[in-house]
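Visitor: I'd like a close look at a single part of this model, please. Could you take me through it slowly?

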Amino acid sequence: MNAPHPSLPRLSRRAESLGTENAFVVLAEVNALARSGHDIVSFCIGQPDFPTPRNIQDAAVNAIRDGKHGYTPSAGIDELRAAAARDLGSRRGLDIQPDDVVVAAGAKPFIAYTIASVTDYGVGDEVIYPVPGFPIYESQILANGAVPVPIFLREARDFAFDLAELEAKITPKTRLLILNSPQNPTGGVLSAADLDAIAEVLLHHPHVWVFADEIYSRLIYDGAFDTLAKRAGMLERTIVSDGASKTWAMTGWRLGYVANRALAPLFTRWITNTESCASQISQWAAVEAINGPQDSVAEMHARFRERRDLIVRLLNDVPGIACRLPGGAFYAWPNVTEACVRVGAADSEAFRKRLLHEAGIAVLADIHFGRRVPGDGQHIRFSYAASTAAIEAGIARLDTFVRKHTL
């Protein structure tokens with residue numbers, strides 16, 4: 001963070017500790033290079049490359065034409081809360097009521113609202129969160145004055161964590177466990193056995209809340225989606241988080257929602273204090289997204305699965321790179337430890353920079369998602385929310401770069 005001008009009043013510790021999401025930082029760098037004439041194949045941003053389905057666009061236009069563009073209740077319009085409750089509940093086998101659901105301008109704000117709701121600033125309250133993981137988890141833990149406690153997702157476990165490690169990291173100060181499945185950045189999916197075991201551990205620690213980040217719940221490729229909230233005693237203490245961004249290609253519409261009966265009134269007050277309400281136009285679009293035809297969801301799912309299979313196959317043909325088959329989301333997380341050695345790159349971040357400036361490939365490095373997992377080597381992240389042609393061209397450049405620069 002840039003230091004403040006010496007003549008200005010000081011900033012708060014909260015402001016100084018606030019992190020960022022490096023996907024947007026790298027994207028800005030990529031865009032600057034592209035504007036200056038560089039040919040870049042980008043895999044750095046995690047958003048569907050499909051247009052928002054036409055029926056959803058039409059619902060938004062109709063909302064505008066019908067004058068539905070003022071404030072709404074802070075928790076969201078009744079129609080969307082009801083639709084989200086039905087969708088969240090039916091796909092998870094849970095009893096979720098409309099009053100349990102709160103809507104916000106994206107699912108991301110609920111990370112901060114949850115941490116602020118269950119921890120107190122500067123008293124040593126702890127939050128356990130996955131590493132590698134979405135960088136906003138750690139950023140908001142620190143900004144809210146809590147203590148970040150990483151739990152490592154290990155490649156040998158298909159990016160699940162060791163249950164003994166979870167048990168060891170829970171203390172009387174633990175207030176929240178953050179789970180993300182399917183995961184960003186690894187594409188890993190917590191199995192039913194993983195979730196059963198996590199629930200068993202948590203039954204012995206009733207003082208711990210759970211934030212279940214399930215924004216990729218519809219992007220799972222093998223088997224049905226599963227959630228910790230289905231386990232005995234878990235629904236009441238789990239904040240189930242989902243939204244429109246990934247499922248219906250609505251990232252810019254900024255529309256997310258959570259379900260938790262106990263915390264819904266508190267989340268509503270947070271929204272009243274911050275954003276007032278989500279865009280009414282986006283809310284009506286989301287009603288149509290949930291209640292309308294799901295052909296586009298099925299089509300995007302099929303296309304992402306094809307791309308997953310393609311990018312993993314191509315990555316595993318590159319010397320020095322090994323990539324596990326991700327079970328969900330739209331990310332590949334190849335191990336590039338040997339490739340770094342081959343080309344003389346000190347680590348994954350040095351490798352990433354060389355790929356961008358020498359090969360015209362934009363990816364993210366593991367350090368953009370937290371500290372490196374001890375003993376797991378070096379990784380980079382590809383978002384395969386990109387065309388088949390882009391995937392083929394990008395991985396061909398990667399292959400050429402590694403072979404050309406092998407020492």
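How close do the axes of helix α2 and helix α13 come, and at what angle do they cross?

Guide: Happy to. A word on the source: this is a predicted model, where local features need pLDDT of at least 70, side-chain atom pairs count only at pLDDT 80 or more, and totals for chains, interfaces and linings use all residues. Residues are numbered from 1 along each chain as its sequence is written, and side-chain values use heavy atoms, with hydrogens and water left out.

Now your helices. Two packed helices are described by the angle between their axes and the distance between the axes. Helix α2 (residues 22-35) and helix α13 (residues 348-359) have axes that come within 11 Å and cross at roughly 20°. Helices here are DSSP runs of H or I with at least four residues, strands are E runs of at least two, and both are numbered from the N terminus. An axis is a line fitted to C-alpha atoms, for helices over the stretch in contact, and angles run from 0 to 180 degrees between N-to-C directions. So α2 and α13 are roughly parallel to each other (angles under 35 degrees count as that, over 145 as roughly antiparallel, 65 to 115 as roughly perpendicular and the rest as oblique).

The crossing of α2 past α13 is right-handed, meaning the near helix is turned clockwise from the far one by less than a right angle.

Who touches whom? On the α2 side you'll find Val26, Glu29, Val30 and Leu33, and they meet Arg352, Leu356 and His357 of α13; contact means heavy atoms within 4.5 Å. Sorted by class, this contact of α2 with α13 has 4 nonpolar, 1 polar and 2 charged residues. Ala, Val, Leu, Ile, Met, Phe, Trp, Tyr, Cys and Pro count as nonpolar, Asp, Glu, Lys and Arg as charged, and the others, Gly among them, as polar.

While you're looking along the chain, there's a small sheet too. Its 3 strands form an open sheet in the order β9-β12-β11, with antiparallel pairing (two strands pair if DSSP finds at least two bridges between them). β9 (331-332) and β11 (364-365) stand at the edges with a single partner strand each, so one side of each has no neighbour in the sheet. Between β9 and strand β12 (residues 380-383) there are 2 bridges, and Ala332 has Phe382 as its bridge partner in β12.
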